[in-house]
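Reader: I would like a close look at one part of this structure, the charged side chains that pair with each other. Please go through them slowly and relate them to the rest of the chain.

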Amino acid sequence: MAEINKNSLFKISYGLFVLSSENSACIINTAMQITDTPLTISVAVNKNNATHDAVKKCKKLNISVLSEKATFDLFKHFGFQSSRDVDKFAEFDGKAVSENELYYITKGTNAFYSANVINEIDCGTHTLFIAEITEALELESTPSATYDYYHKNIKPKPDQKAQGKWVCKICGYVYEGDELPADFICPWCQHPASDFEKA
Ligand code: FE
């Protein structure tokens, strides 16, 4: 039986997480503790996402809690929605394997949890996975990166050259053309044109 540090669990109640399963991973903000005995969490995952399919298939998941040391490259690498047919861990060196044999992220994170899926609820665009924690470790004491912290401190500020251009509100990507196509998808974070604004 792997260690479960209950003090680490407060970190799951807010913030941003890398959800990983098999070779897929994506960034989510929808993990939270449900019950203490048994120790369960809920994780809502967009169905249009390779990590969703991986969790559904292997019934195991890891949650790595992003800290204020997380770099923008880390956000870019794991993205807010993961693309299909991409092994997110092949070229990535800030990783380790937990006792459930899934990867967790060792840099820019302060805790991780491993869990077994015990139930899943179809919620339209998302599946809500209910999972029982099998391992929970605090890795370091750096505060968790909230969405607010990410926007103020991690996301790059648009520079002068971006003035008057369409900029992705999520990741800061600058679209070089004049008119943003309505079906445009941000190449960095995969968010749609509706998440762009004029800088
Ligand atoms: Fe973006």
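Author: Glu-22 and Lys-57 meet through their side chains in a salt bridge, with 3.5 Å from N to O. Glu-22 sits in the loop between strand 1 (17–21) and strand 2 (24–28), while Lys-57 belongs to helix 1 (residues 50–58), so the pair ties together parts that are 35 residues apart in sequence. The model is a predicted one, and that holds for every distance given here. The general idea behind such pairs is brief: side chains of opposite charge can pair when their charged atoms come close.

The two partners do not have equal access to the surroundings. Glu-22 has a relative accessible area of 30%, so it is partly exposed. Lys-57 reaches 63% relative accessibility and therefore counts as exposed, the cut-off being over 50%.

This pair is part of a longer list, since a search of the whole structure finds 8 salt bridges. Another of them joins Asp-148 to Lys-152, and here the closest N and O atoms are 3.0 Å apart. The setting is a single helix: both residues lie in helix 3, 4 residues apart, which is about one turn of the helix. Asp-148 is partly exposed, at 46% relative accessibility. Lys-152 has a relative accessible area of 52% and is exposed.

A further salt bridge is formed by Lys-165 and Glu-176, whose closest N and O atoms are 3.0 Å apart. This pair links distant parts of the chain, with Lys-165 in the loop between helix 3 and strand 10 and Glu-176 in the loop between strand 11 and strand 12, 11 residues apart. Lys-165 is partly exposed, with a relative accessible area of 22%. Glu-176, at 57% relative accessibility, counts as exposed.

Salt bridges can also share residues. Lys-56, Lys-59 and Glu-120 are linked in a network of salt bridges.

The strands named beside Lys-165 and Glu-176 belong to a sheet that can be described next. In it, 3 strands form an open sheet in the order 11-10-12, and the pairing is antiparallel. Strand 11 (174–175) and strand 12 (196–198) stand at the edges with a single partner strand each, so one side of each is left without a neighbour in the sheet. Strand 10 (residues 166–168) is joined to strand 12 by 3 bridges, and these two run antiparallel. Within that pairing, Cys-168 stands opposite Phe-196 in strand 12.

Helix 3, which holds the pair Asp-148 and Lys-152, also contains Tyr-147. The relative accessible area of Tyr-147 is 35%, so this residue is partly exposed. How far apart in sequence and in space are Tyr-147 and Leu-16? They are separated by 131 residues in sequence, yet their C-alpha atoms are 6.8 Å apart in space.

Ser-144 lies in the loop between strand 9 (126–138) and helix 3 (147–154). Is Ser-144 buried or exposed? Its relative accessible area is 4%, and since buried means under 20%, Ser-144 is buried. The side chain of Ser-144 makes a polar contact of 3.2 Å with the side chain of Asn-110.

Another part of the chain shows strands that follow one another. Strand 3 (residues 31–35) pairs with strand 4 (residues 40–46) in the antiparallel sense, over 4 bridges. The two form a hairpin with 4 residues between them. In this pairing Thr-35 stands opposite Thr-40 in strand 4.

These parts can now be placed in the whole. The protein has 3 helices and 12 strands. Its radius of gyration is 17 Å, close to the 16 Å that the globule rule gives for 199 residues, so it is as compact as a globular protein of that length. Along its principal axes, the C-alpha trace spans about 55 × 35 × 30 Å. Of the 199 residues, 47% count as buried.

The accessible surface comes to about 9,700 Å², and carbon and sulfur atoms hold 50% of it. Among the contacts with a separation of 6 or more, 63% are between residues 24 or more positions apart. The salt bridge between Glu-22 and Lys-57, which started this account, likewise ties together parts of the chain that are 35 residues apart in sequence.

Key: Residues numbered from 1 in each chain as written. Predicted model: local features only at pLDDT ≥ 70, side-chain atom pairs only at ≥ 80, totals over all residues. Heavy atoms only, no water. Pairing = 2+ DSSP bridges. Buried < 20%, exposed > 50% of the residue type's maximum accessible area, 1.4 Å probe, protein only. Polar contact = N/O pair within 3.5 Å; in protein donor to acceptor, adjacent residues only side chain to side chain. Rg over C-alpha atoms; globule rule 2.2 N^0.38 Å. Contact = heavy atoms within 4.5 Å. Areas by Shrake-Rupley, 256 points an atom, 1.4 Å probe, with all protein chains shown as cover. Salt bridge = Lys/Arg side-chain N within 4 Å of Asp/Glu carboxyl O.
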